[in-house]
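Look at the sequence and the fold side by side. The tour below starts at a strand and ends at the aromatic rings.

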Amino acid sequence: MQFKRDPRFGRMIPAMVTPFNQDLELDLDRAQQLADRLVRGGSDALIINGTTGESPTVFYPQKLELFRAVVKAVNGRVPVIANVGDNCTADTVYFAQDAQKLGVDGFMCVVPYYNKPPQEGLYQHFKTIASNVELPIILYNIPGRCSINMEAETTLRLAHNFDNIVAIKEASGDLDQVKFIIDNAPDNFDVYSGDDSATLDIMKLGGAGVISTIGNVAPERMKEIVTLCAREEWDEAEAANEALMPLMKGLFETSNPILVKEALSLIGFPVGGVRLPLVDATPEQSRRLAGIMREVGVLD
């Protein structure tokens, strides 16, 4: 495997959690502090208000406030990528156009959920978005949350036909599909793992890196793994990956981002709770998580 170039947005991109205060209102000061912490921890870019950022329960005006605050805190040090994806094409376009004015560097757009469009509908959805914005777009395929899979042929059709569709976050769990996309995509199209635990396997196939949950908690450790992969130092990468794997899996014992927010609290960087219909970690979940964090060396 030869990594011929550096990806446009780098290799380790945390999907940043959205901090709330005690009343579960946006805590923009904490969001800025977290963004700074992640940049200083080695993050190559930041995804704002993705799944891990509780996008379903952060309403459009709040999303814009969050984007604006993070752009200011990051101050050009790394790209800021706004998650603008929705299951209504027109809403996505209007919202992306509003977000584009705030100084973000790119967009992430998820496969439309709930309404279950056919593959041609997926193509037309992303075509419409790409044709109405200037910024680069990362597609996001996550069948476990959307109930449908964007097939490799649809992804490749978009990648070849639109210069501003530049990457995909692949969380299908289908390595054959991921490999087919990597092998047949344009040279400047990047494929990111959508699951921390699949990052090593996807980078072995030529993937660019990861859009990461664990990167909120241990950015330096995840950055080490992708850097070793990019250097093709596979034995060292395997060892670093294995050492962190219990936490990669442990953060998903229940619905994300319940436990990643709990993990940040445990390391002394609280970011508040989660909004309903999610609920905070139970005491037992917190104890198990703390044990895993100690096991992997993230918590003293």
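The paragraphs that follow cover one strand, its partners and the aromatic contacts.

This is a predicted model, in which local features need pLDDT of at least 70, side-chain atom pairs count only at pLDDT 80 or more, and totals for chains, interfaces and linings use all residues. Residues are numbered from 1 along each chain as its sequence is written, and side-chain values use heavy atoms, with hydrogens and water left out.

Begin with strand 1, residues 12-16 (helices, H or I of at least four residues, and strands, E of at least two, are DSSP runs numbered from the N terminus). Of its 5 residues, 5 are buried (under 20% relative accessible area; exposed is over 50%, partly exposed in between; 1.4 Å probe, protein chains only). Met12, Pro14 and Met16 point one way from strand 1. Ile13 and Ala15 point the other way.

Which strands pair with strand 1? Strand 8 (residues 209-212) runs parallel to strand 1 and is joined to it by 3 bridges. Strand 2 (residues 46-48) is also parallel to strand 1, with 2 bridges. Pairing requires that DSSP finds at least two bridges between the two strands. Met12 stands opposite Val210 in strand 8. Ala15 faces Ile47 in strand 2.

Helix 1 (residues 28-40) joins strand 1 and strand 2 in a right-handed β-α-β unit. Right-handed means that, with the strands pointing away from the viewer, the path from the first strand over the helix to the second runs clockwise.

Now turn to the rings. The structure holds 3 aromatic pairs. Rings of Phe, Tyr and Trp (its six-membered ring) pair if their centres lie within 6.5 Å; planes under 30 degrees apart are stacked, over 60 edge-to-face, the rest tilted. Why is the pair of Phe67 and Phe95 tilted? Their planes stand at 40 degrees, with the centres 6.0 Å apart, so the pair counts as tilted. Phe67 lies in helix 2 (residues 60-74) and Phe95 in helix 3 (residues 89-100), 28 residues apart. Phe67 is buried because its relative accessibility is 0%. Phe95, at 3%, is buried too. With Tyr60, these two rings form one aromatic cluster.

Tyr123 and Phe162 make another tilted pair, 6.1 Å centre to centre and 50 degrees between planes. Tyr123 sits in helix 4 (residues 119-132), and Phe162 in the loop between helix 6 (152-161) and strand 6 (165-170). Both are buried.

Tyr123 has a further contact: Arg157 lies over its face, 3.5 Å from the ring centre. Likewise, the charged end of Arg30 sits over the ring of Phe269, 3.7 Å from its centre. The rule asks for NZ of Lys or CZ of Arg within 6 Å of the ring centre and within 35 degrees of the ring normal.
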